[in-house]
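Hello,

Here is the structure I promised to pass on to you. Please open it alongside this message, and my notes follow below.

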Amino acid sequence: MTRPPAEDVTVEFECQDGRRFETTSKQAYTKASALIPKDWAPPDVIHLSESSYILETLFMFIKPGRHPDLRNVSFDTLARITKAAEKYLVISAVTICRERMRSFIGLLPVHIFLYGVYYDCTEFVDKAAPLVVTKETLEKVVPLLPVDYRLTWVLFLSVS
């Protein structure tokens, strides 16, 4: 389906562990523009690869109400929520996730650097790169990079 149905319909999602979530097509299309596949038609259930905890958190950003601040989640959980938010284009979640990820630049520079590379967040790449150069070797970091980014990284190291 390339655009929302003419009338607002209930959309049902099933996560990897079998739990189901519902929202309206209007909420899904306006708050998470990549959540509903282009070929979806009501009343089909949309199967998602994330866990129920990650999707429960993500749906808090899609449905009306207060958004979670994500201050008390581990980095691993934050990274999974952030990846899902980026994947489904839940922009309100991406904004908060990036704010929280920013606080981990000094603690986990490689993770933050890679996030910046994969999700085009140049601020994170710029801030984490000098820390990665001093804490990680070229052999460890380069295989984790997208192929088209490796030359840039090698050039960065050669002038550092």
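I91 counts as exposed, because its relative accessibility is 51% and the cut-off for exposed is over 50%. Please keep in mind that this is a predicted model. You will find I91 in helix α4, which covers residues 91-102. If you would like a distance to check on screen, try I91 and G18: their C-alpha atoms are separated by 25 Å, and the two residues are 73 apart along the chain.

Now for the chain as a whole. Its secondary structure comes to eight helices and three strands, and along the sequence these follow the pattern β-β-α-β-α-α-α-α-α-α-α. Taken along the principal axes, the C-alpha atoms fill a box of roughly 55 × 35 × 25 Å. The chain has 160 residues, and 42% of them count as buried. About 9,200 Å² is exposed, with carbon and sulfur atoms supplying 56% of that area. As for contacts between residues at least 6 apart in sequence, 58% of them join residues at least 24 apart.

A helix pair you may enjoy looking at is α2 (residues 52-62) with α3 (residues 75-88). Their axes are 10 Å apart, and the helices pack at an angle of about 60°; α2 and α3 are therefore oblique to each other. The crossing of the two is right-handed. On the α2 side, the contact is made by Y53, I54, T57 and L58, while α3 brings T77, R80, I81, A84, A85 and Y88. Sorted by class, the contact of α2 with α3 has seven nonpolar residues, two polar ones and one charged one. One general point may help as you turn the view: an α-helix has 3.6 residues a turn, so residues three or four places apart point the same way.

Is helix α5 enclosed by the rest of the structure or open? Eight of the 10 residues of α5 (residues 109-118) are buried, so this helix is largely enclosed by the rest of the structure. The buried residues are P109, V110, I112, F113, L114, Y115, G116 and V117. Just after α5, have a look at D120, which takes a positive phi of about 55°.

That is what I have for you so far. Happy browsing, and do write back with any questions.

Best wishes

Conventions
Residues are numbered from 1 along each chain as its sequence is written. This is a predicted model: local features need pLDDT of at least 70, side-chain atom pairs count only at pLDDT 80 or more; totals for chains, interfaces and linings use all residues. Side-chain values use heavy atoms; hydrogens and water are left out. Axes are lines fitted to C-alpha atoms, for helices over the stretch in contact, and angles run from 0 to 180 degrees between N-to-C directions. Helices (H or I, at least four residues) and strands (E, at least two) are DSSP runs, numbered from the N terminus. Angles under 35 degrees count as roughly parallel, over 145 as roughly antiparallel, 65 to 115 as roughly perpendicular and the rest as oblique. A crossing is left-handed if the near helix is turned anticlockwise from the far one by less than a right angle, and right-handed if clockwise. Contact means heavy atoms within 4.5 Å. Ala, Val, Leu, Ile, Met, Phe, Trp, Tyr, Cys and Pro count as nonpolar, Asp, Glu, Lys and Arg as charged, and the others, Gly among them, as polar. Buried means under 20% relative accessible area, exposed over 50%, partly exposed in between (1.4 Å probe, protein chains only). Accessible areas come from the Shrake-Rupley method with a 1.4 Å probe; for residues, only the protein chains shown count as cover.
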